[in-house]
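Me: Can you put the model up? I have some questions about it.

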Amino acid sequence: MTGRIVRATSRLLVVDESERVLLMLTKAPDTSGTARWITPGGGVDPGESHAEAAVRELREETGQVIADPGDVVAVDDFVVAWDAADHTHGHAEFFVTRLPHFEIDDAGWTDDERVDILESRWFTIDELDDADLAIEPADLASLLRRVL
């Protein structure tokens, strides 16, 4: 891959009534097969706004339907280190979505998501601090404390 290729994504900080955040254990786009916990969300399609992508991704990945994800609460621009990624840089915009606790509905998953998503789980912020887990972004607990 040559040159700078930026992938725009929308990420959702899905928080339930007990202040737990929903994370999904997914395979990184890397030949190592490393897995990491990430928030629901994904790529912004051509012609789509970050807010529209957030609404679509939440529906596809969790089965939850919302009309508006609200305002962007954080932005993360980063260099992609994965050796099998199709992009060199990422631009993620984060939204907070408060929903009653729910179980994931995977009916809207793509074939790739059925392979890449290994598990989903609700975490308290303290569990994110205490856990020896690969979490992206690495500062997710402090981001949640700042925006909630």
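The chat below goes through the pocket, a helix, the cores and some loop residues.

Me: What should I know about the model and the numbering before we start?
Reply: This is a predicted model, where local features need pLDDT of at least 70, side-chain atom pairs count only at pLDDT 80 or more, and totals for chains, interfaces and linings use all residues. Residues are numbered from 1 along each chain as its sequence is written, and side-chain values use heavy atoms, with hydrogens and water left out.

Me: OK. How much space lies in the largest pocket?
Reply: About 860 Å³. On a 1 Å grid over the protein atoms alone, a pocket is an open set of points where a 1.4 Å probe fits, with protein on both sides within 12 Å along at least five of seven lines. The volume is the space filled by probe spheres set on the points, and grid points are joined across faces, edges and corners.

Me: Which residues are closest to its centre?
Reply: Arg7, Arg11, Arg36, Ile38 and Gly42, out of 35 that line the largest pocket. Lining residues have an atom within 4 Å of a point.

Me: And the lining by class?
Reply: The lining has 12 nonpolar, 9 polar and 14 charged residues. Ala, Val, Leu, Ile, Met, Phe, Trp, Tyr, Cys and Pro count as nonpolar, Asp, Glu, Lys and Arg as charged, and the others, Gly among them, as polar.

Me: Which element gives the largest share of that lining?
Reply: Helix H1, with 4 residues. Elements that supply at least two residues include strand E1 (6-15), strand E2 (21-27), H1 (50-62) and helix H2 (111-116). Helices (H or I, at least four residues) and strands (E, at least two) are DSSP runs, numbered from the N terminus.

Me: Stay on H1. What does it span?
Reply: H1 has 13 residues and reaches 18 Å from its first C-alpha to its last, close to the 18 Å expected at 1.5 Å a residue. The expected span is 1.5 Å times one less than the number of residues.

Me: Why is H1 called largely enclosed?
Reply: Because 10 of its 13 residues are buried. Buried means under 20% relative accessible area, exposed over 50%, partly exposed in between (1.4 Å probe, protein chains only). Among the buried ones are His50, Val55, Leu58 and Thr62.

Me: What do they pack against?
Reply: The buried residues of H1 pack against E1, E2, E4, E6 and H2. Contact means heavy atoms within 4.5 Å.

Me: Switching to cores. How many residues are in the largest nonpolar core?
Reply: It has 17, and those with the most contacts inside it are Leu13, Leu23, Leu128, Leu140 and Leu144. The elements that give two or more residues to this core are E2, E6, helix H3 (125-130) and helix H4 (140-147). The largest share, 4 residues, comes from H4. A nonpolar core is a set of buried Ala, Val, Leu, Ile, Met, Phe, Trp, Tyr and Cys residues joined through side-chain atoms within 4.5 Å.

Me: What else does Leu23 touch?
Reply: Leaving out residues up to four places away in sequence, its contacts include Trp37, Ile38, Phe123, Leu128 and Leu140. There is also a second, separate core of 11 residues, which includes Leu22, Leu58, Leu99 and Trp122.

Me: Now the loops. Where is Val44 found?
Reply: In the loop between E4 and H1. Val44 is partly exposed, with a relative accessible area of 22%. Not counting residues up to four places away in sequence, Val44 touches Ala8, Thr9, Ser10, Ser49, His50, Ala53 and Arg56.

Me: And Glu48, buried or exposed?
Reply: Buried, at 18% relative accessibility. Glu48 is in the loop between E4 and H1.

Me: What about Glu103?
Reply: Glu103 lies in the loop between E6 and H2 and is exposed, with a relative accessible area of 63%. Glu103 and Thr62 are 41 residues apart in sequence and 7.8 Å apart in space, C-alpha to C-alpha.

Me: Any odd backbone geometry?
Reply: Most residues other than glycine have a negative phi, and most peptide bonds are trans. Glu19 has a positive phi of about 65 degrees although it is not a glycine, and Glu19 lies in the loop between E1 and E2. A cis peptide bond joins Glu136 and Pro137, with omega about -5 degrees. Pro137 sits in the loop between strand E8 (135-136) and H4.
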